[in-house]
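Trainee: I should like to learn how to read a single loop residue and the elements around it. Where should one begin?

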Amino acid sequence: MLKQIPSPTGLPILGNLLDVLYAGGSGEEAKDAGPLRAIERLADQYGPIYRLKMMGKDRVICTSYEIFEELCDETRFFKMPGAALESLNDKSAAGLFVSPSEKHPDWQQAHRILMPAFGPLAIRNMFDEMHDIASQLVLKWARKGSDQKIPVTEDFTRLTLDTIALCAMDFRFNSFYQDGMHPFVDAMVGMLTATQARQRTPGFIQKFKWAENEQAEKDGKYLRQVSEEIVRHRREHPTDKADLLNSMVNGKDSRTGEGMRDELIAANMVTFLVAGHETTSGLLSFAFHNMLKHPATYFKAQQEVDQVIGRGKITVDHLKDLPFLNAILRETLRLNPTAPGFTRGIRPENKEDAPSVGGYELKREWPVLYLLSKIQRDPNVYGDDANEFRPERMLDEEFNKLPKSAWKPFGTGMRACIGRAFAWQEALLVTALLLQNFYFKMDDPNYQLKIKSNLTIKPKDFYMKASLRKGITATSLQNTLTVTEGDVEKSTSSQDSAQAVHESTGKRMTILYGSNTGTCQSFATNLAAEAQNHGYCASVKDMDSGTNALPTEEPVAIITATYEGQPPDNAAQFLAWLDSMKEGQPLKGVSFAVFGCGHKDWANTFFRIPKLVDDTLETLGGERFATRGSSDGSQGDMFSDFDQWTESTFWPALLSKFGAGDICETTKKSRVEMDISTTTRASRLQHDVQQGKVVSAKILTAPGEPEKRQLEVKLPEGMEYEAGDYLAVLPMNPDESVRRVLKHFPLPLDAVVTIKAGGPVNLPTREPVSVSDLLKGFVELSLPATKRDIQTLKDFTSESVTLERLEDISSALYHTEVMSKRLSILDILETHSDIRLPFSEYLAMLPPMRPRHYSISSSPLKDPNSCSITYGVINTISLAGTGRFQGVSGTYLSSLSKGDVISVSVRSASHAFHLPASPSTTPIMMFCNGTGLAPFHSFVQERAIQIASNPNASLAPAILFIGCRSLCRDALYAEDFAKWEKKGAVDVRYAFSREPEHERSGGCKYVQDRMLKDKKDVVEMWAKGAKVYLCGSPDMVAGIRSAASTIVEERRKKLGAEWTKEQIEGFFKGMRNERIAVDVFA
């Protein structure tokens, strides 16, 4: 019996229009992305095939490879022109892309005449003209310089429009010689945007949008006029050039002997100009985005270009020898198909009694949109890493093993893209030419892909920066594009010495940081402030800025963290660059020192990145001038560790090798110079955050229990997330902490400071800012004082008792009296009133305010425009004996209520900490305690929504182990989980530390106890390929690790093949970030 295709419940007249609008998000970002993101999200909810009713018309969406393969059967189904192509349809003539079917006479005539014009030899002969336009792009970027933000999509659009125009019709738009886009592009975008808007607007409303309708008509008319004028010009000025236009003007149909009428030629010119440049510009934009997001791939591609082409002029024969570039383009079109979907329907001649697809009933009048952006990520074909960019899977040998319909970015059947070979040659040429001559980096290393959708999709707001490779200048490049390889060597070799000249005034140094959470960035800014005291002017940049740009005339300090063995986001390109240099000593002359941050709970990758940077720099010829420093974040003493390293190791070694510079008097006096007034001013925010709005706030625990809360936030426009991701929150210090500072110094509540010079780089300088706002939002007031801070305080007192106490707590008693009690600078000042520390010095000692990361506890399937977080609130008696201690972020969040503004940004979790790509076949086990439950609430909520939306959905089992005190006191979201458990979305196993005898606890006190009790289920789930997630305290994670080791040890004994402790640890190490994902919080 055929199954019914699931569908969201619709509204009268509108049908599922609001579902599409709502699922796609809100604001300009959602509008730009069009319906694509919405129908992708609905696919996550409703499954591999579902139906939408939009204003009286039904449309089926297919997202499964298995069903799509059936749709590719040309004897049963055929390609239909989609609604997006409606605006390209000239009623007087049907171009290739908009013909109703391949049986239409216009399509048949044009196809027979044009096929030879797109043959291999014809495409090969277009290479020189492609190179002509590509050279214009290269020279533009070279002349703009390395600091210029390149609007990637716009420039690639200029490139591809000019290329198709020149190659196809010998016409030059000259897009690189005008400031704006060519009017043809503006008209095309306007027309396609209007068409997309019509799909979301009821017809009776659309009739009243007179201005928009009139403009769309003007845009379409302009496109036709341009094409008709090109045809007319060729008729009046014939040439012998073998291009597409001549093929259409002079060609004869091999079957009928007739030529194409001018209306049909013009209609095809429009579709060639539009589709021929839109898709390729999107491919190039996505390809460079993917390479820069995966820098190891970028450097591997550049090495291939160097090996195959070198510095000589690229030729058409080089293109066949670039297999990795080929694979990059294939993988890009797999993940980011620029034409993300096509429409197919049941052939009229298909006489099946009960038409179906994939076992689902399919009515003849229902068109089927197959969504390539989902089909080409099907884990049943591409595996669990189907969502990852991995070009190696697209190298010829692996590519040829793919099922026949697994990769279809150019369409399928007779109506597949006729210009595929043209686009491929152009994309390979441009990619190779750019990699040959430039180093690239993202303008914003934290850029998250946004989509702009018209007829095709492209990245939105994606900017790069390009610097010429060593030995190349803008002047020499023009010759390089035309001369032979021998001449190239002569013209570029003289440039090396010129680029080595470094103008500087006084002593200079470079500080590079790799940081996701802001700690290493804070260290870098503090080190830059200290540099002034030693006569150095330091430039502070992220590590990616040091790619291909490490100086040799000045010391380089590198401060970086490790995140589960991976580099920070703004250091990934730098690491990939180091890894790409295998031979020789390319970094000879670079003097460096490295400081690393890590966390011992990730024992297998402890300090991996700083160690790797330190060792690799030396291997590649760099000279280490100071021993590597490090700090273990689990000890909570990172600032003191960094201070200790800079004082005892870094600065002595640097000054010994490079000497001290001239120290100006203002630097000697104070690190912060300021005026103070009583005129209030508003302060500004910092960090990569945007403004969200609080939707709701509630307490989750019973009175008397450690307080846990939920906060729901409406996200800023365009901000997206997946279940498992984090919400970064930039908090404010508690009002009580600010009041204590103002009281101590003393300062009026409405005082305003103007910081003139010096001090931490994060502070606003040369502009008035309220003292209250400065203390509340810019600096950390509650962190434990560092050893250096305490030593500094000794300079501002002469009392022997105080001096002795400060010496004790900065040395032997530091951990017991400062770290354990979280003794802040303010705590010390309040305890020792004889310390006369000026406010300016106090401010200079404070680290900058940094964002806090919280696991998101909701699924975007519930609401893509908002998310919730689950957090704890600390408000307890201060161990320092100075009143109460309030946690900064929890106190701030708990003060918010509905309608309040909050500064947030979404931060992606590691790829391992997301739901499996194959939810129907991959079981999951989750272990947590406390607020570590948050990401699993989002996981299970997503599963529950999928089950509720699609009666045919079949999800693999999921077991959730929860540790808390008691069911009725602090079992977070107990009602939600009970409801979802009844639906079959999860099997919940509790462990109550205060009520182990409770029937739901099964006599277990802690999560690891429950794991051992239910070890039979754990073993069975693991054997079925389960993925395991841990989120909780260090003690819980250690307990689970111990219990898992016990289970493995017992199993190996039963099998008669015992393992040593080391073998067991090695086994779990191999599973980390593959089948086991861990998130530890302090």
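Mentor: Begin with position along the chain. In this predicted model, Asn-950 sits in the loop between α36 and β31.

Trainee: Is Asn-950 buried or exposed?

Mentor: Relative accessibility decides the matter. Asn-950 counts as buried because its relative accessibility is 4%, and buried means under 20%.

Trainee: Which residues is Asn-950 in contact with, leaving aside its neighbours within four places in sequence?

Mentor: With those neighbours set aside, Asn-950 is in contact with Pro-6, Gln-45, Tyr-46, Gly-47 and Pro-48. In addition, the Asn-950 side chain reaches the backbone nitrogen of Asn-952 at 3.0 Å.

Trainee: What does helix α36 lie across?

Mentor: Helix α36, residues 934–949, lies across β30 (924–929), β31 and β33 (1027–1032). Relative to β30, α36 runs at about 145°.

Trainee: How is the sheet ordered?

Mentor: One reads the strand order, then the edges. The open sheet is formed by five strands in the order β32-β31-β30-β33-β34, with parallel pairing. At its edges are β32 (987–992) and β34 (1076–1080), each pairing on one side only. From one strand to the next, the twist averages 10°.

Trainee: Over how many bridges do β31 and β32 pair?

Mentor: Strand β31, residues 958–964, pairs with β32 over six bridges in the parallel sense. Within this pairing, Cys-964 stands opposite Phe-992 in β32.

Trainee: What is the mean pLDDT of the chain?

Mentor: The mean is 87, and 91% of residues reach 70 or more. Over residues 664–670, however, the pLDDT is below 50. Where pLDDT is low, predicted coordinates should not be read in detail.

Technical notes
Residues numbered from 1 in each chain as written. Predicted model: local features only at pLDDT ≥ 70, side-chain atom pairs only at ≥ 80, totals over all residues. Heavy atoms only, no water. pLDDT = per-residue confidence, 0-100. Contact = heavy atoms within 4.5 Å. Pairing = 2+ DSSP bridges. Helix = DSSP H or I, 4+ residues; strand = E, 2+ residues; numbered from the N terminus. Axes fitted to C-alpha atoms, helices over the stretch in contact; angles between N-to-C directions. Buried < 20%, exposed > 50% of the residue type's maximum accessible area, 1.4 Å probe, protein only. Polar contact = N/O pair within 3.5 Å; in protein donor to acceptor, adjacent residues only side chain to side chain.
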